[in-house]
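Work through these exercises with the structure open. Each task is followed by a solution in steps.

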Amino acid sequence: MVRIRTVYTCQGCGYKSPRWLGRCPDCGQWNTLVEERVVEPGRERRGARPAQDPRVAPLPIGAIQSQAEARVRTGIGELDRVLGGGIVPGSLVLIGGDPGIGKSTLLLQAMEQLARDGRTVLYVSGEESPQQIKLRGERLGVGAPTLYVLAETCLERLLEEVERLSPAVLVIDSIQTIYTAEVESAPGSVSQVRETCGKLMTVAKGRGISTFLIGHVTKEGAIAGPRVLEHMVDTVLYFEGDRGHPYRILRAVKNRFGSTNELGVFAMKEVGLEEVTNPSELFLSERPLGVSGSVVVPSLEGTRPILVELQALVSGSSLALPRRTTMGVDHNRVGLLVAVLEKKVGLHLLNQDIFVNVAGGIKLVEPAVDLGIVVAVASSFLERPVDARTVVMGEVGLAGEIRAVAQVEVRIREAEKLGFTRALLPERNLGRLTLTSAIDLVGVSAVKDALEVLF
Ligand code: TYD
Ligand code: MG
């Protein structure tokens with residue numbers, strides 16, 4: 001027996017309610033419940049299954065055959081690394097990012113590489129016509145004979161083509177534009193996205209087709225649609241960057257087949273995305289030398305250190321509540337570090353506007369950049385430039401102490417490679433360090449000491 005039922009689904013979190021509600025009781029957002037009709041299949045007997053299904057019998061872990069995962073390299077090194085060493089056959093990868101950031105461009109370029117290796121690749125677009133894709137492709141020099149393009153928004157029809165073509169890799173651009181006839185709500189709604197993703201997953205796993213899904217992001221920057229989307233797929237990547245800058249960062253936030261700390265760096269050029277194999281050089285290329293408020297920090301993103309310039313501008317404020325503006329670093333973290341400077345070092349920052357920025361539009365999340373923020377703010381406030389050949393690293397605690405950071409060796413090596421001559425690092429790290437380096441290493445245990453060394 002099949003029943004049709006009306007439910008109200010929250011477009012933010014996927015919460016279901018039999019009645020309409022103004023506010024979702026689960027995620028607390030207002031006006032997100034949308035009426036949807038669902039077709040319910042007849043009830044199955046709970047737990048009914050074939051008696052001798054080998055999949056359901058528990059096995060000792062030692063008896064399970066391990067499979068060597070054969071990864072497929074896309075030929076775009078930065079993408080391969082973020083994926084964990086290449087595409088795993090049959091895996092589902094979700095790529096999110098702001099509109100216009102370059103998601104379609106990245107995947108079209110990757111598909112071209114795969115097609116050139118002789119693989120059949122299908123690029124399904126629900127957003128652009130084949131002519132538009134062709135136009136973009138011409139700029140990118142795309143034209144492999146086994147790269148197929150399909151403009152389609154109906155899931156069932158596109159799956160027919162998948163059946164016919166049997167591609168090794170499939171791209172869906174974007175998941176929010178695809179609909180299945182089985183769900184009545186509009187494309188892009190929670191039920192549609194969940195249902196289409198589920199069906200694509202069945203096909204991907206069943207036939208071993210590696211599938212890339214492009215996902216739109218909401219105003220808040222999360223991939224639109226329910227969280228379940230992120231739970232269903234194997235890998236979630238975010239493509240981010242500042243549209244005013246050419247640099248684009250590809251970051252893994254979930255990866256069943258690799259580390260989530262890896263980062264790929266690209267530059268958007270006239271002829272598409274170009275890999276940036278030495279990002280430190282790029283991020284430092286426009287650094288002003290000998291000015292106050294600028295300092296270089298070796299930040300570690302996954303296995304790769306990147307040297308970036310932190311900038312701060314501190315200027316007297318006429319506001320009752322002085323401004324604290326941050327770009328690329330956590331706002332609250334900056335507030336905390338400014339308080340440490342105020343209380344533990346005695347800098348009078350209360351009546352100052354403070355702006356902190358990471359050059360190049362990159363985002364820094366690890367606490368090892370704390371000392372960099374502190375130094376940049378102090379440098380701007382004191383109007384004393386930091387020596388241009390010095391890097392700083394260290395986590396700062398509320399007592400003004402400098403705490404140890406991970407993988408100092410890697411950071412120092414990178415600084416050395418780019419011609420830096422001095423590194424300020426936590427005292428604790430220096431004690432344990434065994435490397436011999438041409439670089440001058442200075443251990444510091446409190447913010448006060450660090451500022452004394454530098455200014
Ligand atoms: P696109 O891949 O369409 O972004 P998304 O799919 O994430 O929405 O990228 C569009 C932007 O990239 C557009 O603003 C133009 C720019 N671009 C270049 O600068 N060079 C190029 O070769 C291409 C194809 C796009
Ligand atoms: Mg696009």
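**Exercise 1. Domain 1 against domain 2**

Task: In this predicted model, find how many residues of domain 1 and of domain 2 are in contact, and which three residues supply the most area on the domain 1 side.

Solution:
- Set the bounds. Domain 1 covers 3–43 and domain 2 covers 71–277. A further part, domain 3, runs over 282–454.
- Count the contacts, taking heavy atoms within 4.5 Å. Domain 1 brings 10 residues, and domain 2 brings nine.
- Place the centres. The C-alpha centres of domain 1 and domain 2 are 28 Å apart.
- Compute the area. About 720 Å² is buried between domain 1 and domain 2. Carbon and sulfur atoms give 42% of that area.
- Rank the contributors. Gln11, Glu36 and Arg37 account for 54% of what domain 1 buries against domain 2. Any other three residues supply less.

**Exercise 2. The surroundings of ligand 1**

Task: Describe the shell around ligand 1 by class and by the helices and strands that supply it. Then list polar contacts of ligand 1 with Gly102, Arg136 and Arg139.

Solution:
- Collect the shell with a cut-off of 4 Å. It holds 16 residues. Gly100, Ser104, Thr105, Lys269 and Gly272 come nearest to ligand 1.
- Sort by class. Six residues of the shell are charged, five are polar and five are nonpolar.
- Map the shell onto the fold. At least two residues each come from helix 2 (103–116), helix 3 (130–140) and strand 11 (263–269).
- Take the oxygen atoms of ligand 1. One contact, at 3.0 Å, goes to a polar backbone atom of Gly102. Another, at 2.8 Å, goes to an N or O atom in the Arg136 side chain.
- Take a nitrogen atom of ligand 1. A polar side-chain atom of Arg139 sits 3.2 Å from this nitrogen.
- Finish with cover. On its own, ligand 1 has 560 Å² of accessible area, and the protein covers 76% of it.

**Exercise 3. Two backbone details**

Task: Which residues does the cis peptide bond with omega of about 0° join? In which loop is Asn31 found, and what is its phi?

Solution:
- Check omega. The cis bond joins Asp173 and Ser174.
- Locate Ser174. This residue lies in the loop between strand 7 (169–173) and helix 5 (190–207).
- Turn to Asn31. The loop that holds Asn31 is between strand 2 (16–17) and strand 3 (33–40).
- Read phi. Asn31 has a positive value of about 60°, although this residue is not a glycine.

Conventions. Residues are numbered from 1 along each chain as its sequence is written. Chains are lettered from A and ligands numbered from 1 in the order in which they are written. This is a predicted model: local features need pLDDT of at least 70, side-chain atom pairs count only at pLDDT 80 or more; totals for chains, interfaces and linings use all residues. Side-chain values use heavy atoms; hydrogens and water are left out. A polar contact is a pair of N or O atoms within 3.5 Å; within protein, one must be able to donate a hydrogen and the other to accept it, and residues adjacent in sequence count only if both atoms are side-chain atoms. Accessible areas come from the Shrake-Rupley method with a 1.4 Å probe; for residues, only the protein chains shown count as cover. Helices (H or I, at least four residues) and strands (E, at least two) are DSSP runs, numbered from the N terminus. Ala, Val, Leu, Ile, Met, Phe, Trp, Tyr, Cys and Pro count as nonpolar, Asp, Glu, Lys and Arg as charged, and the others, Gly among them, as polar. Domain bounds come from an automatic or database domain assignment. Buried area is the accessible area (1.4 Å probe) that two parts lose on being put together, summed over both.
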